[in-house]
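Q: Please examine one helical part of this structure closely and describe how it is packed against its surroundings. A connected account would be preferred.

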Amino acid sequence: MFGLAGGRSLTPTLTLCTPTAAHTSTTPTQHTLNPALPSCSAPRTEQVQSSAPWTEASLHCLLQEPRRAAAGRRSQRGRLTCLDLPPGALHGPLEACRMDMSSRLEVWQQLAESCGLSTLQQGLQQVWRLLLLCLICRLCFRLGGVSTVKHVVSALAGMYCLFLFFELHMLWVLLLSALCYLVLLLSRYSSSRGLFLSVVILIYLLTGWSWLQSSSLSLLKSQICLVVSTCIAPYLFPLFIPIHGNSVTYKWLRAYENAVSFHFSNYFVGHLSEGTSMLAGAGFTEEKDNIKWDMSVVKPLSVEMPRSMVLVVTSWNIPMSRWLKTYVFKNAMKLGTFPAILLTYSASALLHGLSFHLGAVLLSLGFITYVEHALRKRLAAIFSACILSRPCTSDCSHQHKKEYWVMLLNLLFSLMTIFHLTYLGSMFDPGVDEQEVEEGYAAIHTIQRWSELNWASHWLVFACWVFYRLI
């Protein structure tokens with residue numbers, strides 16, 4: 001929009017509104033200007049000498065597209081050339097450039113359509129449900145009725161409003177509210193309950209929601225598992241699952257009940273360990289400045305819906321499994337895979353107290369784990385399929401990954417794992433004498449339970465081992 005005619009002069013000569021096309025003549029030339037550009041009152045070839053400073057407002061009036069002008073020159077035929085100059089770089093008077101009314105109206109219209117309407121629509125989308133809830137509450141309060149109904153409607157409306165803006169994070173707001181009510185209830189006769197409540201809220205906010213979320217969730221899981229182990233699993237058939245066994249299947253249904261009850265008692269201990277550890281400030285991982293309360297002791301889904309026995313034993317007690325793998329299994333691998341597995345399970349049996357029934361279960365697990373791992377590894381190599389004990393990575397070399405027969409084979413091994421777990425857990429009968437449970441089951445108890453099931457799991461493992469040797 002303006003060009004320098006004398007770049008070295010302290011009082012430069014300005015040629016206002018020079019055409020973009022290259023011209024050597026100073027004769028005025030007619031140009032069709034962009035209607036969005038301001039009209040300059042000064043003649044195109046008028047040269048002005050002055051020491052009056054250029055104001056920022058004058059330059060802003062001249063630069064119609066300041067974002068693009070800041071990057072350099074923008075030249076097109078039929079338009080004016082803009083050069084971005086900082087305020088105070090030039091000196092000289094300039095008459096104010098004014099955008100005509102039609103251009104202003106056009107800009108205002110575009111601003112209203114692109115910004116105003118969309119802003120109003122988004123604002124209404126955010127608040128219309130909130131306004132509707134307020135009207136519902138107002139209507140409920142005006143109609144009268146039982147005060148309990150009013151309180152319930154108000155509480156439900158408030159919780160829904162929290163969900164609209166915070167989604168699942170509303171749980172921690174509700175948890176803080178419940179904690180405050182509990183503190184007020186316990187200290188209702190104390191004169192300093194306000195101070196005590198403030199301290200509790202401060203601790204809650206300083207410790208962070210993720211810490212309380214993780215520990216509270218683990219503690220809740222532990223209580224659920226305790227209820228399932230004590231009140232649901234022993235009466236699973238036919239009270240909760242309407243299956244009536246005959247003379248042959250009844251003993252297997254009872255064995256499954258005993259196994260599930262024992263499993264959930266272990267989950268109770270595992271989740272309780274997670275919750276208490278995180279509640280005490282342990283059980284977190286730190287990555288840069290991000291702290292994750294992600295301590296995991298047990299994974300119930302990997303046990304109840306297993307892919308393989310290998311994943312069962314590693315998900316049953318994760319810290320113990322890692323310790324045994326690091327300090328026993330890896331050091332014993334120089335003896336071979338099978339001896340390393342036997343030594344690992346023997347060490348686990350010693351750490352569990354060297355009782356016969358636990359030793360029998362753990363050594364049986366060692367044989368089952370080894371045979372299953374070896375057989376699935378051999379079958380995966382023969383069929384080039386993802387049927388290993390552990391899930392394959394996305395870039396594995398197997399040709400068959402998600403075919404139906406591959407999923408069917410994995411399902412078959414999963415059912416075999418559930419069968420083994422039912423057999424091994426059948427001896428943990430919750431109905432026997434409590435003193436016997438505390439002191440440990442006698443050897444005759446273990447032999448009797450497994451003989452009632454015809455030693456089926458051991459025979460199946462032996463058949464799988466023979467099949468593995470044959471192929």
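A: A residue is called buried here when its relative accessible area is under 20%. In this predicted model, that criterion is met in helix H13 by Ala 340, Ile 341, Thr 344, Tyr 345, Ala 347, Ser 348 and Ala 349. Helix H13 itself covers residues 337–351, 15 residues in total. From its first C-alpha to its last it reaches 21 Å, close to the 21 Å expected at 1.5 Å a residue. After H13 comes Gly 353, which has a positive phi, near 115°.

The buried residues of H13 pack against three partners: helix H11 (309–316), helix H12 (318–332) and helix H14 (356–383).

One of these partners, H14, also packs with helix H15 (residues 404–425), at an angle of about 170° and with the axes 12 Å apart. Angles over 145 degrees count as roughly antiparallel, and H14 and H15 are therefore roughly antiparallel to each other. On the H14 side, the contact is made by Val 361, Ser 364, Leu 365, Ile 368, Glu 372, Leu 375, Arg 376, Leu 379 and Phe 383. H15 contributes Trp 405, Asn 410, Phe 413, Thr 417, His 420 and Leu 424. By character, the residues of this contact divide into 9 nonpolar, 4 polar and 2 charged.

A buried serine is also found in another helix: Ser 215 lies in helix H7 (residues 209–232). Its relative accessible area is 1%, so Ser 215 is buried. Leaving aside residues up to four places away in sequence, Ser 215 touches Gly 275, Met 278 and Leu 279.

Note on methods:
Residues are numbered from 1 along each chain as its sequence is written. This is a predicted model: local features need pLDDT of at least 70, side-chain atom pairs count only at pLDDT 80 or more; totals for chains, interfaces and linings use all residues. Side-chain values use heavy atoms; hydrogens and water are left out. Helices (H or I, at least four residues) and strands (E, at least two) are DSSP runs, numbered from the N terminus. The expected span of a helix is 1.5 Å times one less than its number of residues. Buried means under 20% relative accessible area, exposed over 50%, partly exposed in between (1.4 Å probe, protein chains only). Contact means heavy atoms within 4.5 Å. Axes are lines fitted to C-alpha atoms, for helices over the stretch in contact, and angles run from 0 to 180 degrees between N-to-C directions. Angles under 35 degrees count as roughly parallel, over 145 as roughly antiparallel, 65 to 115 as roughly perpendicular and the rest as oblique. Ala, Val, Leu, Ile, Met, Phe, Trp, Tyr, Cys and Pro count as nonpolar, Asp, Glu, Lys and Arg as charged, and the others, Gly among them, as polar.
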